[in-house]
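Hello,

I am handing this structure over to you. Please have it open while you read the notes that follow.

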Amino acid sequence: ESKTAPVQAMLDKELPNVIGSSFSLVAVDEQTSTDSNTGEVKNSTVYTVRVITKTAKAFRDLIQIKVKNSHSIVKDEELDKLMMQVAKPIVLRFDGIAHYAYMGGETLNASAAERLNVSVQEAMQHE
């Protein structure tokens, strides 16, 4: 249990019930930011995904999950084929998903993204 953020810790425990654990990729956006103190450039990837866990409260919803200090695990060519619907859907799983609320908004962060070698149907049946 977190002594500094007990409410947030409880909310994060409930995330699997809300968003599940398997997601179908819709879009990817890479972001860069520069630390104003050090000048260090940091990369992040924001995955827009559809919740495909049938038991999740957010089943079928689109959500965004940000993975800091990372590059996309999906190539641009694959995204183009996905957009043109000439490639099979890409199923993802994320490690360490946490909810983060800040003034004026909220975000979901993860420590890593992993591509699963299964179809959407297989992922839905496995959950």
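Which side chain meets Arg-115 in a salt bridge? The partner is Glu-78, at 2.7 Å from N to O; a salt bridge here is a side-chain nitrogen of Lys or Arg within 4 Å of a carboxyl oxygen of Asp or Glu. The pair links distant parts of the chain, since Arg-115 sits in strand β7 (residues 112-116) and Glu-78 in helix α2, 37 residues apart. Arg-115 is partly exposed at 36% relative accessible area, and Glu-78 is partly exposed at 24%. For these terms, buried means under 20% relative accessible area, exposed means over 50%, and partly exposed is in between, with a 1.4 Å probe and protein chains only.

Before the rest, some notes on the source. This is a predicted model, in which local features need pLDDT of at least 70 and side-chain atom pairs count only at pLDDT 80 or more, while totals for chains, interfaces and linings use all residues. Residues are numbered from 1 along each chain as its sequence is written, and side-chain values use heavy atoms, with hydrogens and water left out.

Overall layout

The chain has three helices and seven strands, in the order α-β-β-β-α-β-β-β-β-α from the N terminus. Both kinds of element are DSSP runs numbered from the N terminus: helices are H or I with at least four residues, strands are E with at least two. The C-alpha trace spans about 45 × 35 × 25 Å along its principal axes. Of the 127 residues, 30% count as buried. Among contacts with a separation of 6 or more, 57% are between residues 24 or more positions apart; a contact means heavy atoms within 4.5 Å.

The nonpolar core

A nonpolar core is a set of buried Ala, Val, Leu, Ile, Met, Phe, Trp, Tyr and Cys residues joined through side-chain atoms within 4.5 Å. The largest one has 21 residues, and those touching the most other members are Phe-23, Leu-25, Val-49, Ile-63, Ile-65, Phe-94 and Ile-97. Two or more residues of this core come from each of α1 (6-19), β1 (23-34), β2 (41-51), β3 (62-68), α2 (76-83), β4 (91-95) and β6 (105-110).

Ile-63 lies in strand β3 and is buried, at 14% relative accessibility. Leaving out residues up to four places away in sequence, Ile-63 touches Ile-19, Phe-23, Tyr-47, Thr-48, Val-49, Val-51 and Leu-108. Ile-63 and Ile-19 are 44 residues apart in sequence, and their C-alpha atoms are 8.7 Å apart in space. With the same residues left out, Leu-25 has contacts that include Tyr-47, Thr-48, Val-49, Val-74 and Leu-79.

Charges and the other salt bridges

The chain carries 14 positive and 17 negative side chains, and the centres of the two sets lie 4 Å apart. Lys and Arg count as positive, Asp and Glu as negative, and His and the chain ends are not counted. Each charge is placed at NZ of Lys, CZ of Arg, CG of Asp or CD of Glu.

The count of salt bridges comes to three. Besides the pair described at the start, Arg-93 meets Asp-95 at 2.7 Å, N to O. Arg-93 also forms a salt bridge with Glu-114, with the closest N and O atoms 2.5 Å apart. That pair links distant parts of the chain, with Arg-93 in strand β4 and Glu-114 in strand β7, 21 residues apart. Arg-93, Asp-95 and Glu-114 are thus linked in a network of salt bridges. Arg-93 is partly exposed at 29%, as are Asp-95 at 30% and Glu-114 at 33%.

Regards
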